[in-house]
Every structure is written in structure tokens, then in C-alpha cells.
Amino acid sequence: MTAVDLPVGPQRVERLERIWTPRPGVLGWLTTTDHKRIGLLYLFATLMFFAAGGVEALTMRTQLAQANEKLVGPGTFDELLTMHGITMIFLFIIPITTGAFGNYLVPLMIGARDMAFPRMNALSFWLFLASGCFLYAGFALGAAPNAGWFDYVPLALKQYDPGSNIDFYALGLILNGASSTAAAINFIATIFKLRAPGMSLNRMPLFCYAVLAVAFALLLALPALTLDCIFLELQRRLGFHFFDVAGGGDPLLWQYLFWIFGHPEVYIIVLPAFGIATSIIPTFARRRMVAFPLVAMAELLVAFIGFGVFAHHMFATGLATITLVFFAAASMLVVIPSTIQVYAWLLTVATGAPRFRAPLLFIGGFVVFFVLGGLTGIMFTAIPFDQALTDTYFVVAHFHFIIFGAAVFPILGGLYYWFPKVTGRLYHERLAIVSFWVTFVGTTLTFFPMHIVGLLGMTRRVYTYEPGLGWDAYNLAETIGGFTLAAGLLLILGNLVWSRFNGEPCGPDPFHGGTLEWTVPSPPPHYNFAVIPTVRSPYPNWDRTDAGYDLERGGLVLDAGHETPSTEVRDARLEEILSMPSESPWPIVLAACVVLAFVMLLAGHVLITAVFGVLGALTLGAWHLHEPEET
Amino acid sequence: MKRGFFQPRSLVAGLIVVGLAGCGGNQDALHPASGAERSIADLWWVMLIGSAIGFGSVLFLLVLGWRRRGRKTSPPSNAKLETTLVVTLGVGIPVVVLLSLFVYSDVFVMRSTAAPTPGSTRMTIDVIGHDWWWEVRYPGTPVVTANEIHIPVGSAVNVVGTTADVIHSFWVPQLNRKIDLIPGRTNRVLLEADRPGRFRGQCSEFCGLQHAHMAVLVIAEPRARFRAWLANQEKPARPPATGEERLGLRLFQTQACAGCHTIRGTTARGTIGPDLTHLASRGTLAALTLPNTPAALRSWITDPDHAKPGVKMPALPLTGSQLDALTAYLGSLR
């Protein structure tokens, strides 16, 4: 441990610079272990997949713009439907919130220099990218998954879906799950052990609480999905009988396992959004979060109770009354932590001195949509209503208000909010406000009429419908809304791209945020903090200006190598200085071995699969062998 | 809207209701034609009003925040008061509201939509989901039909749902909730129409390519008409009367038709496609995809994939006169 008096001498900063500067060029990006670069890689990759999922959605909406439209046939429609769901959930929202926002921000918010396992972090990204390409390869080969993202059996069994469509699904999601599991472990270790000295759990930013809750939820929920996919592949390829009645199996087994994963998944999707909201609101309301400890508890509770509600996706399958009632009650219970947060957000804004800049506007939109989606969510805890309206467009409306309104809106607000931190430039405020309103109107117009067509009996997942059922006008409105929404998103993209090159330089702290990321220059240096801060409140940056505290007190410079401090879990007392691994080619090589093994498994070449498995194991060896000396 | 029940509430419920009331679609969950569905629709209106109030409170606070955008700095905060407010609004009130909803919906409404208990109904109908049509059987009679379910008005009917292949879901929105039709399981739902009418339903669980064209029609009619209908359906198929019809029957038995379809009273005993014994008594073809007219029947037989891409029925290579004979025969099956 190195401790010096402040200020840090320029030589020591130079030394930090030398230690942490990555390799130049493309090679530097391929071998990077820097959480900020990995975060950006996640961002670019997930935005690509977002665009793909958006095009799929617009194609479907065009097909549904009027009755008996013939833009795409049922086969293509089913592939679009399935890929849209898979893309938005597994290739966009989860990886952008955890992978992009979480990776970039968590170490900066907790005062660390990197994630706890930097190479595993890189591996997570490359595996994620590989899983996305794997799933889309199915599309390119005309065999995209086509039984819905929920992939119910028996429809997904060989008997009814003989192509390799479903094999792309099952193997792709196993691969994706491996990536998310690695990321989850990394976040838990990072948040528990790498917080700056003094950042006890009650001073940890609420965004980190949200990411922590998500990481635990991912870790515990994903095995159910992976297991389900393994069962499915065993049945499809080796003739096992997990799901067929004749062989003593049960098709409902798929649904149980899928939703044991699938409902916590919903909270995995929205929790980071809550975290983003609780970052943006205090900054622009210019006050601390109302009921901070309650909100932290609520974030963790949502993830916990979220594991006890899954069977409400199966209310029409003929479960016993006692089961129905139990899961309905649990589904009502999960409402409480959400209402706590909604009112805490609203009261923070109403009792503060709010400035409605673009990020806060997006959070306002988020609250409106989250409440709308939440209220219809409560309706689905009324069992008879659920049993009537499930699998109609009413559900589509409900979960798009949650997933698009409540999860994506904070992501969009967050893009604007942290854009100056990442690029060192301000976005264009007026255009950002316009983009908000276009996106807001588009979202409302796309998803609100779906409630009505749902009540009018329009079922989900239909590639076309008959005229004369009172659905036509609403569907046309939804399609117009979809294109409006797309225009809003393009405006946001245009704003950010333009501002990246032409925005005003913004300095370290353009919005006067409270958390640690605003104490470092924009963009942050490779080593994040020249001196590891010592934290005394949940809003250390405000603390510094308000009370004149010195964040760099203690003077942990740590310039003997890739070093970051490790602290005790609850109170964040300094325990030891960790020596972090540096850049490495092995994560991407290992990811390549794993994905090639999966490709060969898909193609049925067991022997070549084994070869790649062995190569992967060798790579893992090399990963641990070479630890270059620090200078 | 015949039932006066939600007329006054529609004033409260505002725009959405106006939108809904303007539509007369017969697959509309808010135009109930049974006691069970009326209780579901009532539940909806009650929840809508509750939601409107909850949403109003959120909007109020948002507007309050917007009005304070001019403030220079935040006033000193009162942590105790703020926490009390969050606990009251975020825990207290929701707990009371949710408990009430739980008792109302999951105890009381649930009783009226519950699966019929044995012996509580006057008749049973078996509904079997197929890719992509509905097989309808009347146990105790030889009646087997497809895609149209006739029921007597005012009688409690026990619908027993199963599937022949993948999971389907049976839902007639104006009459009751839905039940999934799952391999290895049997689910039941009560149909009890309180007025005559034709109530459309549609498969509600994604079942593959033609999930969109798997509709069903429940026809509730006065008891006497229902009895007459049932008596006719019980009979075997009417024998062909003209030369052309006879040729049609022969074609049906010798071409691929008989491999999949049954016509009671003939040698056609296939079970893959719908029973056609009284095809001409039905209003539609291919699970409500086409009207049952001679022209539609012709095009359906020559190119089923056109109206229903991916359907299991193959196109038949028939000459024009053969097609005339076949449609004439099928059209005679009243």
C-alpha cells in the first residue's frame, strides 16, 4: 500500500497513465479488460441488436397495419415474432443495462479502478456477442427460432418443428446464459469487495443496489432456463422424454422451468432502469433521494419477491385453485416495493427544485409508463381477469409499457445523462427535448390502443386478422405509433452522434451529480481515479462541495501496478490492495473456442465439438499462465 | 350495449370506454352474454376506476413537480415527513386496495368463473384442439362437428377441453374466461349464454403457422332450435341424390379426402381433418377462414394454402368437372 500526501505529483499521474494505458488500435479493443471499454463494446453491440429488433417490430407492425395484409407470410412472421422477443430481452435490454451501463458506471460509482474479474468481464462480452451472432446466424440460414421467445412445447419439439430453428434457440440461449452468469458473478464480487474505503452499504449509490439485485436474480434464475434448454435439446436430439406425455413427461414442465426464470427476468429487465431513475432524479431535482434506505430495500425486495410469482403466467393452464391464489397473492405483494419507489421518485421531484432537462423528462415518461404498466399488472393478479385477458393484446400492451416504457425510457434518459461523462461533450439539449416528446407520443400511440384491441378479443401472436371485429383502426394507429417511435429513437441517435463530434466540452460535472463518477474528468482516465476517494455519504460529490470534505483524503494512489483497493463487505474498511490482471487475448480466444464448439454441436459434429472443448480448456490454462510484469 | 350495467360507469371511465362502446365486434370481452363473463367485465370496470384514481395521484405529483421547476434551490427537507408520506402512499394505501381486490376478484368473482363441478350442468361438449381447427363432440350422441358449437340458451354447458397435438387455448370472450388445451390434461369451462347469439372465439395460445386462422363460433339458440339442430346432426350423411353428387361421393372416397375426413354413413373414416357429415350446415370453412359458399369451397379444395398457408390439407389435382361434382356433393351435406 502506498500512501502519500496530496496533491498527487504529476510524475505519479504519468506513471498511472503508463500502467493503465491500453494497447493502441483494434488490438487494444480486442484484448481490453478495461471496464469502460468493455462497457462501450456492450453499448455498440446492444444498440446494433436493438436496431435489428426494432426492424423486426416495424415489419410486424406493418404486416398488422390492416386486416389480411400480405407483407410477410406466417412462417416469416413467426420468426420475426420470436427473434424480436429474444433480441430485445437477451441481446438488448439485459446486456445494455448490466453490460453497458453497469460495466461503465459501477466501478466509477464505487471508486474502483476496474471490475473484480477484468478478464472474465471481457469473456462475458465476447460470449454475449457470440450468442447474438449465433442466434442471428439462424436467421441468415433461414432457420431462425420460430416458436415464440417462450418456446412452448410440444410446438418446439422435433415432431412439430423439425428444422434446426429451435436448436439455434436452445443452444444460443445456453451460450447467452453463460455470458450473463459470468457478468452477474463479476458484479456481485465488484460491488461487495471493491467499494472505496468508507462506502459502507448504506452509502452505496442506489444504481449499484439495483445492479446488485439484478446480478443475484440473474445468478439464481438463469439455471432454470439453461436446464430447460438442455432438456429440450436432449429430447430433440437424443429422444429423451422430458416433455412428452406418452413417454411419461409433461409439457407443463417446460412452462414451470421457463417462468421460474422468466418472471424474475422481468425484474432483471426493470431493476437497472429503477437504478438509472434513482441516479437521474436526485441530480435534476437537486436534492437527495426521499426515503433512501426504503428505496434500497425496495430494490432488493423486488428481486426477491420476483421469484415467487412465476405461475401467474400459467393461470389458464388449469392449476389448482390453491396454487392460483398463492401466486396471485405473491404477485400482489411484489406491487408494494414498486409503489414505494414510485412515490419516493415523485416526492423527490416534487419537494426538490427540479430542472426538467432531457434526462429528467425521460424519467418522467418512465414513471408514467411504469405506472400504467404496473396498474394493468395489478389487474392480472385478479385471477378471473387474467384468465380472460391473458394471451391477448392487453398483455402485449401491459408488458410493452413495462419493458419499453419502464425499462427503455430510463436507458434513453441514461444515455443522455452519462453521455457527457463518456465523451466529454454535452448533447444538444433542445433536440433532446424534441426527441423525448416524439418518443413519448410514439410509445403511447403504439402501445396504448393495444389495451383496447385486447379487450375487444384480439389474441397475441397472430400474423393477420379478420376485418369487421373492430380492431382495424386501433391496429393502424399502433403502426403509425411504431414509426413515430422509431423516428424519436433516430433523433436520439442523431443527437448523440452529432454531439460526439460537435457538442460543447462539458468538464467533469456538467449536471452537478452527487455520485463519484462526477468527481473524475470526462472522459474518465484509464485508471478512473488518480487517488482512490474516501467516502462519507451517499452523495460524495455534493458532500465535497457542500461540506468541504476532501474525497482524496488518505491518498491511496496505488501506482505500483494495476492496483485497486479491496474493502470489507458491510462497512468498507480497507482490507488489502489487489493486483488486477492486465489486458489479455485469452478471453476472446476462449469465447471463440466455446462458440465454435456450440456451432459444431448444432451441426452434429460431436468429435469436432470435443476438439474445441479441449482447445478451450487449453486457453483457460494459458489465461492463468501469463501474467506480464507491471512496470 | 344492451345491458344497462356499465352505462353510468362509462361516463366515469372516459375516453377508453367511448372507444370501446363504439365497437360492436362479436369477440368483445366487454359485451358479456353470460353471468360469468358479466362478472369479469364488472371486475374490469371496477379495476379501471381504481387505476384511474391511482394514476391520477401520480399525475398530480408529476404536475406538482413541474410547477416547482422555477425553484432556485430545494427547501430544507423533512426526512420524517417524507418517509411517512412514502410509507402511507407506497405501502399503506396499496395494501388496503390490493387486499380488497384480492377478496373481490380471487374469492368472489373466481367462484362465478370456476370450472363447472360434476353434475352441475345439463350437458357436456368435448372440444378438441387440432392444428388448426376445433373438433366438437356431443357425448352420448354420435354428433361430431367442427369449428361451430351449438348450445341451448340458458343452459349450463360443461365444455371439456383437450388437444390432439400442441397446446391450444379455447376462449369465447363474450361467454367466459379461457382454458388451455394441453396434452395429457383436461380442462373445463362453463358456457351458459343468457341470450341467443353468435359468439366468436379464437385460439389464444400460439400453436404454429395458422394460429391466426383458428377461430370458433358458439351459436346459442333457443332450446327447440337447438334440439332440431342436434337431431339433424345425429343422422348419418344424406345419400347423394343426383348423378353429379354420386360422382362427388365416389371422388371423395377414392381421392385423398377420405384419408383425413369422416362422412358418417359412407366409407370415409379419416380422423385428421374435420368431420364433414353435415358440412353444408356450417356457415364457414377452415375454422372461420372462409364463408361456406360453393365458390369458396372450390378454391379451398384446389388451393388450401392460398387462404391458410401451411395448412395440412393438400391441394387436390382435380379436373373442372370433378371439382363441380365434389363441391356439389359436399354442398348437399346439410
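## A guided tour of chains A and B

Begin by selecting P154(A), which lies in the loop between α5 (118–140) and α6 of chain A. This is a predicted model. The peptide bond that joins V153(A) and P154(A) is cis, with omega at about 0 degrees. Most residues other than glycine have a negative phi, and most peptide bonds are trans.

From this loop, proceed to helix α6 (residues 165–193) of chain A and display helix α18 (residues 586–603) of chain A with it; their axes come within 11 Å and cross at roughly 160 degrees. That angle makes α6(A) roughly antiparallel to α18(A). The crossing of the two helices is right-handed. To view the contact itself, show the side chains of D167(A), F168(A), L171(A) and L175(A) in α6(A), which meet V595(A), F598(A), L601(A) and L602(A) in α18(A). Sorted by class, this contact has seven nonpolar residues, no polar residues and one charged residue.

Next, select N502(A), which belongs to helix α16 (residues 472–502) of chain A. Is N502(A) buried or exposed? N502(A) counts as exposed, because it has 9 C-beta neighbours inside 10 Å. Add L426(A) to the selection: L426(A) and N502(A) are 76 residues apart in sequence, and their C-alpha atoms are 8.8 Å apart in space.

Continue to N528(A), in the loop between α16 and α17 (540–547) of chain A. Here phi is near 65 degrees, a positive value in a residue other than glycine. N528(A) is buried, since 23 other C-beta atoms lie within 10 Å.

Now display the whole of chain A, which holds 19 helices and two strands. Its radius of gyration is 24 Å, close to the 25 Å that the globule rule gives for 631 residues, so chain A is as compact as a globular protein of that length. The C-alpha trace of chain A spans about 75 × 60 × 50 Å along its principal axes. Of the 631 residues of chain A, 62% count as buried. Among contacts in chain A with a separation of 6 or more, 81% are between residues 24 or more positions apart.

Turn then to chain B, where there are 10 helices and 12 strands. The radius of gyration of chain B is 26 Å, well over the 20 Å that the globule rule gives for 334 residues, so chain B is more spread out than a compact globule. Along its principal axes, the C-alpha trace of chain B spans about 95 × 45 × 40 Å. In chain B, 43% of the 334 residues count as buried.

Within chain B, select W132(B), in the loop between β1 (123–130) and β2 (133–137). A cis peptide bond joins D131(B) to W132(B), with omega at about -10 degrees. The next stop is N147(B), in the loop between β3 (144–146) and β4 (148–152) of chain B. Phi of N147(B) is near 65 degrees, a positive value in a residue other than glycine. N147(B) counts as buried, because it has 21 C-beta neighbours inside 10 Å.

Finally, show both chains together and examine their contact, which takes 69 residues from chain A and 72 residues from chain B. On the side of chain A that touches chain B, the helices that each supply at least two residues include α4 (74–110), α8 (251–285) and α15 (429–455). Which helix gives the largest share of this side of chain A? That share, 12 residues, comes from α11(A). By class, the side of chain A that touches chain B has 47 nonpolar, 15 polar and seven charged residues.

Terms used:
Residues are numbered from 1 along each chain as its sequence is written. Chains are lettered from A and ligands numbered from 1 in the order in which they are written. This is a predicted model: local features need pLDDT of at least 70, side-chain atom pairs count only at pLDDT 80 or more; totals for chains, interfaces and linings use all residues. Two residues are in contact if their C-beta atoms, placed from the backbone, lie within 7 Å. Helices (H or I, at least four residues) and strands (E, at least two) are DSSP runs, numbered from the N terminus. Ala, Val, Leu, Ile, Met, Phe, Trp, Tyr, Cys and Pro count as nonpolar, Asp, Glu, Lys and Arg as charged, and the others, Gly among them, as polar. The radius of gyration is taken over C-alpha atoms; the globule rule is 2.2 Å times the number of residues to the power 0.38. A residue is buried if 20 or more other C-beta atoms lie within 10 Å of its own, exposed if 12 or fewer, and partly exposed in between; C-beta atoms are placed from the backbone. Axes are lines fitted to C-alpha atoms, for helices over the stretch in contact, and angles run from 0 to 180 degrees between N-to-C directions. Angles under 35 degrees count as roughly parallel, over 145 as roughly antiparallel, 65 to 115 as roughly perpendicular and the rest as oblique. A crossing is left-handed if the near helix is turned anticlockwise from the far one by less than a right angle, and right-handed if clockwise.
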